[in-house]
Amino acid sequence: MSLATPEQIKEVRRRRTITVMLVVGGILVLLPLSARFGDAGFIIAWVVFALVLTLFIPQYWRCPVCRSPFPRGSNGHRCDECGTEFGA
Ligand SMILES: [Zn+2]
């Protein structure tokens, strides 16, 4: 087990913020708009949103040390792959 450098910890915090903001922001934008879409538009908007998340997050939400994806629910506190602690 090793400790991440301050830069790597900062990077993980930044990535977590962006990921959370993307998810929360997307939902906050889509929910009020949903009433205005027809049924098809509503479904398409959510499918596009889900697609962006499933494509983007696995690429982005990774350990900056070894580049392996963070395990689900780890919140980026620790990388199981290389054992780095981010303590963030
Ligand atoms: Zn790692």
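What follows is a chat about a predicted model of a protein.

Reader: Before I lean on this, what kind of model is it, and what counts?
Author: It's a predicted model: local features need pLDDT of at least 70, side-chain atom pairs count only at pLDDT 80 or more, and totals for chains, interfaces and linings use all residues. Residue numbers start from 1 along each chain, as its sequence is written.

Reader: And what does the protein average for pLDDT?
Author: The average is 89, and 99% of the residues score at least 70. pLDDT is the predictor's confidence in each residue, from 0 to 100. Where it is low, the predicted coordinates should not be read in detail.

Reader: OK, which elements does the protein have?
Author: Two helices and two strands, running β-α-α-β from the N terminus on. Helices (H or I, at least four residues) and strands (E, at least two) are DSSP runs, numbered from the N terminus.

Reader: Which of the elements has the lowest mean pLDDT, and which the highest?
Author: α2 has the lowest, at 89, and strand β2 (residues 84-85) the highest, at 94.

Reader: Let's stay on α2. How far apart are its end C-alpha atoms?
Author: They are 31 Å apart, which agrees with the 32 Å that its 22 residues (39-60) should span at 1.5 Å a residue. The expected span is 1.5 Å times one less than the number of residues.

Reader: How many of the α2 residues are buried?
Author: Zero of the 22, so α2 lies largely in the open. Buried takes 20 or more other C-beta atoms within 10 Å of a residue's own, exposed is 12 or fewer, and partly exposed is in between, with C-beta atoms placed from the backbone.

Reader: What about valine 52, buried or exposed?
Author: Valine 52, which sits in helix α2, is exposed, with 12 other C-beta atoms within 10 Å. Its C-alpha is separated by 25 Å from that of arginine 78, 26 residues apart along the chain.

Reader: Switching to histidine 77, where does it lie?
Author: Histidine 77 is in the loop between α2 and β2. It counts as partly exposed, having 13 C-beta neighbours inside 10 Å.

Reader: Last thing, what's the overall radius of gyration?
Author: The protein has 16 Å, whereas a compact globule of 88 residues would be near 12 Å. That is taken over C-alpha atoms, and the globule rule is 2.2 Å times the number of residues to the power 0.38. The C-alpha atoms fill a box of roughly 50 × 20 × 15 Å along the principal axes, and 9% of the 88 residues count as buried.
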